[in-house]
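Work through the exercises below with the sequence and the model open. Try each task before reading its solution.

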Amino acid sequence: MSEAVPKLRLTGVRKAFGDKVVLDGIDLVVPAGTSMVVIGGSGSGKSVLLKCVLGLIEPDAGRIEIDGQDLLTLPREDRARARARIGMLFQNGALFDSLPVWENVAFGLLATGRVPRSEARSRAAEYLEQVGLAASVGELSPAELSGGMQKRVALARAIAARPDILFFDEPTTGLDPIMGAVIDGLIVDCVKRLGSTAVAITHDMASARRIGDQAAMIHRGRIIWNGPAGQLMDSGNPMVDQFTHGRREGPIQMELRR
Amino acid sequence: MATLLDAVAATGRAVIHACRETGKVAIFAASGISHIFRPPFYGRLFLSALLEIGFFSLPVVALTAIFTGMVLALQSYTGFSRFSAEGAVANVVVLSVTRELGPVLAGLMVAGRVGAAMAAEIGTMRVTDQIDALSTLSTNPMKYLVAPRLLAGTIALPLLVVVADILGVLGGYLISTVKLGFNSANYLTRTMNFVETMDVASGLAKAAVFGFLIALMGCYQGYNSKGGAQGVGAATTSAVVAASILILAFDYVLTEMFFAR
């Protein structure tokens, strides 16, 4: 019986900025329909990893495969087409502050040039509803929204193009615990409704357990543990245990600059 | 000896940095220009940039032009009266305004107003991940942010300079007729007879180049800003300084091209 092709597979991905090696041979497999949570400390390379997959940073070496196709060797147009199937929720929302909320949500639809503005507007209202916001919010500017509402709008924008893969960069950062739980719930609902594959990076353990089916930990540019998200708090790996329980003492030593 | 070598090394580093930066700006400009001619086209963004650069810069350019024309008439009258050549005031005003002062002063004012705003807006988009977000939404940031502004800058500044030319000459005319006692009809006749199509056309061509340079530096500095609020502030300053210097440098180059025999 042949093994199913994973939705996303990273093999030996390396990236260095000058002398500083940020990704040191990342290997990660995310099966289709799975929610993978990548945890790791600040500066461990989580965001760089996402940016490599999104094409915002070119890795120095390795393979990044979506549905078995290596993005790095595809012709430019095919690569752009493959990446158009990825939705992204940025850490700070990254809403376009020059556009009203509904245009932010419908941006991806309007960018295709195939959806009229009136239709895009009504579809934006539907997506806003899916993340628990009234259609009237669409007329506001992003600056008029609270942090939690901005995250919801950013989530609506990420799902509007019905992506195959959804990336979440620190989805609960800057939110109170209740709003964090609300956003996590919305993420889980949206991923299930779309049938997408999700990859979230976070260092919020409560969020990681709520979102993830699978989890991996990145440390010094390498994946040091990979397993079910339910085992995060009791993984048996001393580094993971130190991180998930927030212990000062342990094998992970914080690098302090003096 | 060590001090001398350090100085040479520092100079070498500065030259290499300048060459590298020039290359980056040239590649950025080439990419921006290529996106102006390749679909998709963002007409709404172009019109919005045209309005911002052209229409909203009108007051500042108009005031600069009219006062410059007035000062020019006064100064040239004072200077020329020393050798009884007051009659040349009209010629000097129209020639200076259309060939040089109109495009250069309008360019410098727009660089301060629009170049800074462009760098700040795009720089803020960069440091808040909005430019990365554009890429993830199948939108090329060069096409969406840079190309419309480059085109709008290139078109808006010549239109502003037409206004600046008219108001600059009007300023000189007002001072000459109201304060210095020139005959109104004579002043206008001398102006019309003396000015040539090439004088105005060269000024407008300069303006198009200056408009492009202002938009280019605003976009380039903003696009490459980093490091939060401080980085955006630095990008804004760099955009205005670089655009101003380039305007003056290209003014010389273009004058040499148009008028050197």
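Helices (H or I, at least four residues) and strands (E, at least two) are DSSP runs, numbered from the N terminus. This is a predicted model: local features need pLDDT of at least 70, side-chain atom pairs count only at pLDDT 80 or more, and totals for chains, interfaces and linings use all residues. Residues are numbered from 1 along each chain as its sequence is written, chains are lettered from A and ligands numbered from 1 in the order in which they are written, and side-chain values use heavy atoms, with hydrogens and water left out.

**Exercise 1. Describe chain B and locate its cis peptide bond.**

Solution.
- Step one: count the elements. Chain B has nine helices and zero strands. Its pattern along the sequence reads α-α-α-α-α-α-α-α-α.
- Step two: take the extent. Along the principal axes, the C-alpha atoms of chain B fill a box of roughly 65 × 60 × 35 Å.
- Step three: find the bond. The cis peptide bond joins Pro39(B) and Pro40(B), with omega about 0°. Pro40(B) sits in the loop between helix H1 (2–36) and helix H2 (43–53) of chain B.

**Exercise 2. Work out the strand order and the edges of the four-stranded sheet in chain A.**

Solution.
- Step one: set the rule. Two strands pair if DSSP finds at least two bridges between them.
- Step two: order the strands. The open sheet runs E2-E1-E4-E5 (chain A), with antiparallel pairing. E2 and E5 of chain A are at the edges with a single partner strand each, so one side of each has no neighbour in the sheet.
- Step three: inspect E1 and E2. Eight bridges join strand E1 (residues 8–17) to strand E2 (residues 20–30) of chain A, running antiparallel. They form a hairpin with two residues between them, and Gly18(A) in the turn has a positive phi of about 65°.
- Step four: check a cross-strand pair. Arg14(A) stands opposite Asp24(A) in E2(A). Their side chains also meet in a salt bridge at 2.5 Å, N to O. The term means a side-chain nitrogen of Lys or Arg within 4 Å of a carboxyl oxygen of Asp or Glu. The two residues are 10 apart in the chain. Over all chains, the structure holds 24 salt bridges.
- Step five: move to the other edge. Two bridges join E4(A) to E5(A) in the antiparallel sense. Glu65(A) has Asp70(A) as its bridge partner in E5(A). The loop between strand E4 (61–66) and strand E5 (69–70) of chain A holds Asp67(A). Asp67(A) has a positive phi of about 50° although it is not a glycine.

**Exercise 3. Trace the six-stranded sheet of chain A and the helices packed on it.**

Solution.
- Step one: give the order. This open sheet runs E6-E7-E8-E3-E9-E10 (chain A), with mixed pairing. Its edge strands are E6 and strand E10 (222–228) of chain A, each pairing on one side only. The twist averages 20° from one strand to the next; axes are lines fitted to C-alpha atoms, for helices over the stretch in contact, and angles run from 0 to 180 degrees between N-to-C directions.
- Step two: find a parallel pair. Strand E3 (residues 35–39) and strand E8 (residues 197–202) of chain A run parallel, joined by five bridges. Val38(A) has Ile201(A) as its bridge partner in E8(A).
- Step three: place the helices. H1(A) packs on the sheet, touching E3, E6, strand E7 (165–169), E8 and strand E9 (214–219) of chain A, and its direction makes about 150° with that of E7(A). Helix H6 (residues 147–160) of chain A touches E6 and E7, at about 175° to the direction of E6(A). Contact means heavy atoms within 4.5 Å.
- Step four: finish at the far hairpin. E9(A) and E10(A) pair in the antiparallel sense over six bridges. Ile218(A) stands opposite Ile223(A) in E10(A). Two residues lie between the strands, and Arg220(A) in the turn has a positive phi of about 50°.

**Exercise 4. Characterise the interface between chain A and chain B.**

Solution.
- Step one: count residues. 19 residues of chain A are in contact with 15 residues of chain B.
- Step two: take the area. About 1400 Å² is buried between chain A and chain B, and carbon and sulfur atoms give 58% of it. Buried area is the accessible area (1.4 Å probe) that two parts lose on being put together, summed over both.
- Step three: look for charge pairing. One salt bridge is counted between chain A and chain B. Asp132(B) forms a salt bridge with Lys51(A), with the closest N and O atoms 3.7 Å apart.
- Step four: assign elements. Helix H1 (46–54), strand E6 (86–89) and helix H4 (107–112) of chain A each give two or more residues to the side of chain A that touches chain B. H4(A) gives the largest share, three residues.
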